[in-house]
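Student: I have just opened this structure and would like a friendly tour. Could you walk me through it?

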Amino acid sequence: MKLLHIFLGLFIMALMSKAELSKVQKPPFGSSTCPVPNTRCGVACHHRCSATSHKKTCLFYCNKCCQWCKCVPPGTNGNKGCCSCYNNWHTKRGGPKCP
């Protein structure tokens, strides 16, 4: 009987974790007029994050966005219109995910 309770508990936990995973927001796809090959993400993000005081965080998210979206907007801020994926990927709170 105790083994059955343990099994049911584990089964319920597995179902709950699967439900939580389905809620994870996936990054959007979209067109780009400012493409960057994956091999150049580091260089593009280094320039994109050069003016911020939060370089480590900026570089982390910029590289993540570049790897997925295959683009980085030009300049150190703004200009996100050239990469709809980069522009439309948001956090759970609705803020921009990509710098």
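Student: Is Asn-79 buried, partly exposed or exposed?
Tutor: Three classes are in use: buried means under 20% relative accessible area, exposed means over 50%, and partly exposed is in between, with a 1.4 Å probe and protein chains only. Asn-79 has 45% relative accessibility, so Asn-79 counts as partly exposed.

Student: Before we go on, what kind of model is this?
Tutor: This is a predicted model, in which local features need pLDDT of at least 70 and side-chain atom pairs count only at pLDDT 80 or more, while totals for chains, interfaces and linings use all residues. Residues are numbered from 1 along each chain as its sequence is written, and side-chain values use heavy atoms, with hydrogens and water left out.

Student: What is the phi of Asn-79 near?
Tutor: Some background helps: most residues other than glycine have a negative phi. Asn-79 lies in the loop between α3 and α4. Its phi is positive, in a residue other than glycine, and is near 55 degrees.

Student: And what is the phi of Lys-70 near?
Tutor: Lys-70 also lies in the loop between α3 and α4. At 40% relative accessibility, Lys-70 counts as partly exposed. Here too phi is positive in a residue other than glycine, with a value near 65 degrees.

Student: Which pattern does the chain follow along the sequence?
Tutor: Helices (H or I, at least four residues) and strands (E, at least two) are DSSP runs, numbered from the N terminus. The chain has four helices and zero strands. Read along the sequence, that gives the pattern α-α-α-α.

Student: How many disulfides does a search of the whole structure find?
Tutor: A disulfide is a pair of cysteine sulfur atoms within 2.5 Å. One of them is formed by Cys-49 and Cys-58, with sulfur atoms 2.0 Å apart. Searching the whole structure gives a total of seven.

Student: Is the disulfide of Cys-49 and Cys-58 left-handed or right-handed?
Tutor: Both ends are buried: Cys-49 has a relative accessible area of 2%, and Cys-58 has 10% relative accessibility. The torsion about their S-S bond is about -80 degrees, so this disulfide is left-handed.

Student: How many residues apart in sequence are the parts that Cys-65 and Cys-98 tie together?
Tutor: Cys-65 is buried at 0% relative accessible area, and Cys-98 is buried at 2%. Their sulfur atoms are 2.0 Å apart in a disulfide, and the link is left-handed, with -95 degrees about the S-S bond. Cys-65 lies in helix α3 (residues 55-69) and Cys-98 in the segment after α4 (84-88), so the parts tied together are 33 residues apart in sequence.

Student: What is the S to S distance between Cys-71 and Cys-83?
Tutor: Cys-71 is buried, with a relative accessible area of 0%, and Cys-83 is buried with 0% as well. Both lie in the loop between α3 and α4, so the pair ties together parts that are twelve residues apart in sequence. The disulfide joins them with an S to S distance of 1.6 Å.

Student: Which element supplies the largest share of the largest nonpolar core?
Tutor: A nonpolar core is a set of buried Ala, Val, Leu, Ile, Met, Phe, Trp, Tyr and Cys residues joined through side-chain atoms within 4.5 Å. The largest one has 18 residues, and those with the most contacts inside it include Cys-62, Val-72 and Tyr-86. Helices α2 (41-48), α3 and α4 each supply at least two residues of this core. The largest share, five residues, comes from α3.

Student: Which residues does Cys-62 touch, leaving out those up to four places away in sequence?
Tutor: Contact means heavy atoms within 4.5 Å. With those sequence neighbours not counted, Cys-62 touches Cys-45, Arg-48, Cys-49, Val-72, Tyr-86 and Pro-99.

Student: What kind of aromatic pair do Phe-60 and Tyr-61 form?
Tutor: Rings of Phe, Tyr and Trp (its six-membered ring) pair if their centres lie within 6.5 Å; planes under 30 degrees apart count as stacked, over 60 as edge-to-face and the rest as tilted. The whole structure holds one aromatic pair. Phe-60 and Tyr-61 are 4.9 Å apart centre to centre, with 85 degrees between the planes, and the pair is edge-to-face.

Student: What percentage of the 99 residues in the chain is buried?
Tutor: The cut-off for buried is the one we used for Asn-79, under 20% relative accessible area. Across the 99 residues of the chain, the buried share is 22%.
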